[in-house]
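How do the parts of this assembly fit together? The paragraphs below take the reader through the structure one contact at a time.

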Number of protein chains: 2
Amino acid sequence: METKFGERLKDIRLHYKIWLSDDKETGIMGDGKWQMLKLIDEKGSMKAACDELGYTYRRTWGNLKKIEKFFGFPLLEKQRGGIDGGHTTLTEEGKRLVKAFDTFHDTVDSRIQQGFDRFIQELNQ
Amino acid sequence: METKFGERLKDIRLHYKIWLSDDKETGIMGDGKWQMLKLIDEKGSMKAACDELGYTYRRTWGNLKKIEKFFGFPLLEKQRGGIDGGHTTLTEEGKRLVKAFDTFHDTVDSRIQQGFDRFIQELNQ
DNA sequence: TTTCGATATGTTTATTTTTGCATATCGATA
DNA sequence: TATCGATATGCAAAAATAAACATATCGAAA
C-alpha cells in the first residue's frame, strides 16, 4: 500500500444501478424490476418472488403496474383464484423485455467491474 | 417498428449510477459527489458549486464530511474568513480521487451506452 | 475594528418512499 | 357451494431523505 488511500481501498465496494425511464422520469425498467420479473417467471408467483426478495407485495404490484401502463400491453400473465390462489408468469413480451435486459447486463457488467478494478489500482499507486 | 415494443422505445431514456460504499453501505463516493468535487475545485467554493448544482449547502457539507471520515484524511482544502468569506479547493488526494473516478467513467460510459443501444435494437426486432 | 460572505453545524420542518393494515375478488377443487 | 391462498387496491402509519431555518465562526481588507 504505497499511497494514503491504500489503507481503506480494500473496504470499498462497488455498486451500480441501471434503469430506464420515460420523459416524466417514471422508472419503467431497472435492475430491481428486472430481477423481480425473472423471479416471478421462475416461481410462477408474485407473492413467492416478493417473499424471496424481501419486497412487499403492495409495492411490487404497484411498480409492475407502472411498467405495463407505460408500454400499454401486459408483461404479466396473471391468474386469480383456484385452489392455490392463483399464479403469475410472464407474457411473451415480458420475456422479451427480460431477455433484452439480460443482454444489456452481459454487455456492461464485466466492463464495469474492470473499470472499478482499475480505479482501485490507480489509487494504489 | 416491427414489434409491440416499437411504439414506445423512442421515449425510453437511459440512466445509471455508479457508487462506492464501505461495508456499512455508507456511500463514500459516487456520481453525485464526483460531480460536486470537480465543480468545487473548478469554482474554488463549496457554496458556488452547490448553487450551480442545485444542492443545499447543508447537505453537501454533510456528505463530503462522510467521505473524509471514511478515508481518514482531508480531500478538501477549506479556508474560512477573508474578504470573500473563504474558499474551498481539493487537496492532492482529493484530486487523485476525482481523477481515478474520471478514468472509471471513461472506461464504462461508452460501453453502457452501447449496451443500451443494443437493448433497444433487440426489442425492435 | 468593523464588515462581509463563505464555511460550520444543530435543529426543525417538509417531502418522498415504504411499509403495514384492511378488505375485496377470484375460481379450481374438495 | 364452501374453502383457501394469491391477486387487487385503497388508505393510514412510519421511516428515510432532503430542505429550511437559525446562528456562530472566521479572517483579509477597508
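In what follows, Ala, Val, Leu, Ile, Met, Phe, Trp, Tyr, Cys and Pro count as nonpolar, Asp, Glu, Lys and Arg as charged, and the others, Gly among them, as polar. By that scheme, the surface near DNA strand C has four nonpolar, 10 polar and nine charged residues. The model is a predicted one.

That surface is a good place to begin. DNA strand C is surrounded by 23 residues, and the closest are Arg80(A), Gly82(A), Met46(B), Tyr57(B) and Trp61(B). Of the atoms of DNA strand C that come within 4 Å of the protein, 64% are accounted for by sugar and phosphate. Which elements supply at least two residues each to the surface near DNA strand C? From chain A there is helix H4 (57-71), and from chain B there are helix H3 (46-53), helix H4 (57-71), strand S3 (76-80) and strand S4 (86-90). H4(B) gives the most, with four residues.

Several atom pairs can be picked out at the phosphates of DNA strand C. A polar backbone atom of Met46(B) is 2.7 Å from a phosphate oxygen of the strand. The other two pairs described here involve side chains: an N or O atom of Lys78(B) is 3.3 Å from a phosphate oxygen, and an N or O atom of Thr88(B) is 3.2 Å from a phosphate oxygen.

DNA strand D comes next. Around DNA strand D there are 22 residues, of which Tyr57(A), Trp61(A), Lys65(A), Arg80(B) and Gly82(B) come nearest. Sugar or phosphate holds 65% of the atoms of DNA strand D within 4 Å of the protein, and the rest belong to bases. By class, the residues of this surface divide into four nonpolar, nine polar and nine charged.

For DNA strand D, a polar side-chain atom of Lys78(A) lies 3.2 Å from a phosphate oxygen. A polar side-chain atom of Thr88(A) also lies 3.2 Å from a phosphate oxygen of DNA strand D. What part of DNA strand D does a backbone N or O atom of Gly81(B) approach at 3.0 Å? The partner of Gly81(B) is a base oxygen. The elements that give two or more residues to the surface near DNA strand D are helix H3 (46-53), H4, strand S3 (76-80) and strand S4 (86-90) of chain A, together with H4 of chain B. H4(A) gives the most to this surface, with four residues.

How are the two protein chains related? A turn of 180° and a shift of 0.0 Å along the axis lay chain A on chain B with an RMSD of 0.1 Å. The relation is therefore that of a two-fold axis. The same surface serves both copies, since 100% of the contact residues of chain A recur in chain B. Among the residues of chain A, Lys17(A) comes closest to the rotation axis, with its C-alpha at 2.7 Å.

The contact itself takes 43 residues from chain A and 43 residues from chain B. Between them the chains bury about 4,300 Å², of which 65% is on carbon and sulfur atoms. Across this interface there are 19 residue pairs in polar contact, with both residues at pLDDT 80 or more. On the side of chain A that touches chain B, the elements giving two or more residues are strand S1 (13-21), H4 and helix H5 (92-124) of chain A. H5(A) makes up the largest share of that side, 19 residues. The residues of that side divide into 21 nonpolar, eight polar and 14 charged.

How many salt bridges run between chain A and chain B? The count is zero. Over all chains, however, the structure holds eight salt bridges. Side chains of opposite charge can pair when their charged atoms come close. One such bridge joins the side chains of Asp102(A) and Lys38(A), at 2.5 Å from N to O. This pair links distant parts of the chain, with Asp102(A) in helix H5 of chain A and Lys38(A) in helix H2 (residues 31-43) of chain A, 64 residues apart.

Methods. Residues numbered from 1 in each chain as written. Chains lettered and ligands numbered in written order. Predicted model: local features only at pLDDT ≥ 70, side-chain atom pairs only at ≥ 80, totals over all residues. Heavy atoms only, no water. Least-squares fit on C-alpha atoms with pLDDT ≥ 70 in both. Contact = heavy atoms within 4.5 Å. Near = heavy atom within 4 Å. Polar contact = N/O pair within 3.5 Å; in protein donor to acceptor, adjacent residues only side chain to side chain. Buried area = accessible area lost by both parts, 1.4 Å probe. Salt bridge = Lys/Arg side-chain N within 4 Å of Asp/Glu carboxyl O.
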